[in-house]
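Have your viewer ready and keep the selection tool at hand. We will walk through a predicted model stop by stop.

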Amino acid sequence: MKRTVAAVSLLAAALTGCSSTAAPSTSGATASPARQPAPAERVTRLLLTPADLGTGYSVREFDPAEGKSVFARSAQEITGDAPCTPLAAMTHQLPLGTPQAFQSRVVSAEEAPGTRIYVTLATYDPGRAVTAMDTLLADAVQGCSLGFTAKANGTSELYDPFQPEDTPAVGDEALAYRGVITVQGGASRPVRTTVVRHADVIAVYTAVGGAFIARPDLLAPVIEAQDAKLG
């Protein structure tokens with residue numbers, strides 16, 4: 001797995017030698033700690049919006065659990081080579097590993113008709129995002145890059161060998177690849193995927209279908225817009 005340069009800084013601030021002429025408070029009241037958002041609320045706040053992308057893009061919600069024709073509504077429904085199922089899950093807007101919460105959005109671009117870009121954002125317990133990237137994803141890419149078959153709800157999908165892509169310089173870790181998926185009895189469709197970890201948040205970007213899928217820079221504006229919100 002290619003690891004980006006981690007821009008991690010530990011800042012310690014100590015206020016010493018400061019004085020104030022203000023009279024001490026006599027109210028006896030103490031400030032309450034700020035309420036931390038629930039994981040689902042946090043994911044909602046972090047997900048990109050149409051305003052983040054600007055003109056030429058549309059963004060709508062996507063919930064695999066509500067889709068009538070989705071391949072799988074949860075990763076547990078996917079069977080096959082166990083190390084490979086995380087790759088199939090991500091392809092279908094399901095999270096890597098076991099997050100606290102996750103949500104997906106579908107992005108469409110006027111300049112890329114027929115192509116859908118899915119963004120799936122997941123937040124994890126401390127340390128779990130690193131484990132998901134460095135164990136689940138790393139093992140899957142290493143063991144399944146030559147292709148595999150995944151099944152769910154009576155449907156099979158054949159994943160052709162993956163081709164590595166240039167990894168964007170974002171996040172603490174990133175991995176990018178492309179491939180082709182063939183549904184049993186159906187047509188083949190190209191897929192381009194980039195996975196990025198920011199601390200305890202993992203973003204999965206998947207571009208599917210359309211002639212514009214061949215453009216290497218197709219995902220770049222979406223990744224940059226989401227990366228800016230993740231900081």
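## Stop 1: an aromatic cluster

Select phenylalanine 148 to begin: its relative accessibility is 7%, so this residue counts as buried. Now add phenylalanine 162 and look at the two rings. Their centres are 6.2 Å apart and their planes meet at 70 degrees, so phenylalanine 148 and phenylalanine 162 make an edge-to-face pair. Phenylalanine 148 sits in strand 5 while phenylalanine 162 sits in the loop between strand 6 and strand 7 (163-164), so this pair ties together parts 14 residues apart in sequence. Phenylalanine 162 also counts as buried, because its relative accessibility is 14%.

How many aromatic pairs does a search of the whole structure find? There are 4. For another of the pairs, show tyrosine 159 beside phenylalanine 148: these rings are stacked, at 4.4 Å centre to centre with 10 degrees between the planes. Because phenylalanine 148 belongs to strand 5 and tyrosine 159 to strand 6 (residues 155-159), the stacked pair links parts that are 11 residues apart in sequence. Is tyrosine 159 buried or exposed? With a relative accessible area of 2%, tyrosine 159 is buried.

Finally, add Tyr177 to your selection. Phe148, Tyr159, Phe162 and Tyr177 together form one aromatic cluster.

## Stop 2: strand 5 and its partners

Next, show strand 5 (148-152) with its side chains. In a regular strand, side chains alternate between the two faces of the sheet. Here, the covered face of strand 5 carries Phe148, Ala150 and Ala152, while Thr149 and Lys151 are on the uncovered one.

Strand 5 has an antiparallel pairing with strand 2 (residues 79-80), over 2 bridges. To find this pairing, look for glycine 80, which stands opposite alanine 150. Strand 5 also pairs with strand 6, again in the antiparallel sense, over 5 bridges. Alanine 150 is a handy marker here too, as it stands opposite glutamate 157 in strand 6.

Follow the chain from strand 5 into strand 6 and you pass through a hairpin with 2 residues between the strands. Click on asparagine 153 in the turn, where phi is positive, at about 50 degrees.

While you are in strand 6, select serine 156. This serine 156 counts as buried, because its relative accessibility is 15% and the cut-off is under 20%. Leaving aside neighbours within four places in sequence, what does serine 156 contact? The list is Thr149, Ala150, Lys151, Thr182, Val183 and Gln184.

## Stop 3: a bent helix

Now move to helix 4, residues 128-144, and look along it: there is a bend of about 25 degrees at leucine 137. Colour its buried residues, which are Ala129, Ala132, Met133, Leu137, Ala138, Ala140 and Cys144. Residues three or four places apart in an α-helix point the same way, because there are 3.6 residues a turn.

What do the buried residues of helix 4 pack against? Show helix 3 (85-91), strand 5, strand 8 (173-183), strand 9 (188-198) and strand 10 (201-208) to see their partners.

## Stop 4: a pocket

For the last stop, switch on a surface and find the second largest pocket, with a volume of about 240 Å³. This pocket is lined by 17 residues, and those closest to its centre are Asp166, Pro168, Thr194, Pro216 and Ile223. Strand 8, strand 9 and helix 5 (220-230) are the elements that each give two or more residues to the lining.

Terms used. Residues numbered from 1 in each chain as written. Predicted model: local features only at pLDDT ≥ 70, side-chain atom pairs only at ≥ 80, totals over all residues. Heavy atoms only, no water. Bend = angle between axes of the 7 residues up to and from the residue. Helix = DSSP H or I, 4+ residues; strand = E, 2+ residues; numbered from the N terminus. Buried < 20%, exposed > 50% of the residue type's maximum accessible area, 1.4 Å probe, protein only. Contact = heavy atoms within 4.5 Å. Phe/Tyr/Trp six-rings, centres within 6.5 Å; stacked < 30°, edge-to-face > 60°. Pairing = 2+ DSSP bridges. 1 Å grid on protein atoms, 1.4 Å probe; cavity = no way out; pocket = protein on both sides within 12 Å on 5 of 7 lines; lining within 4 Å. Points joined across faces, edges and corners; volume = space filled by probe spheres on them.
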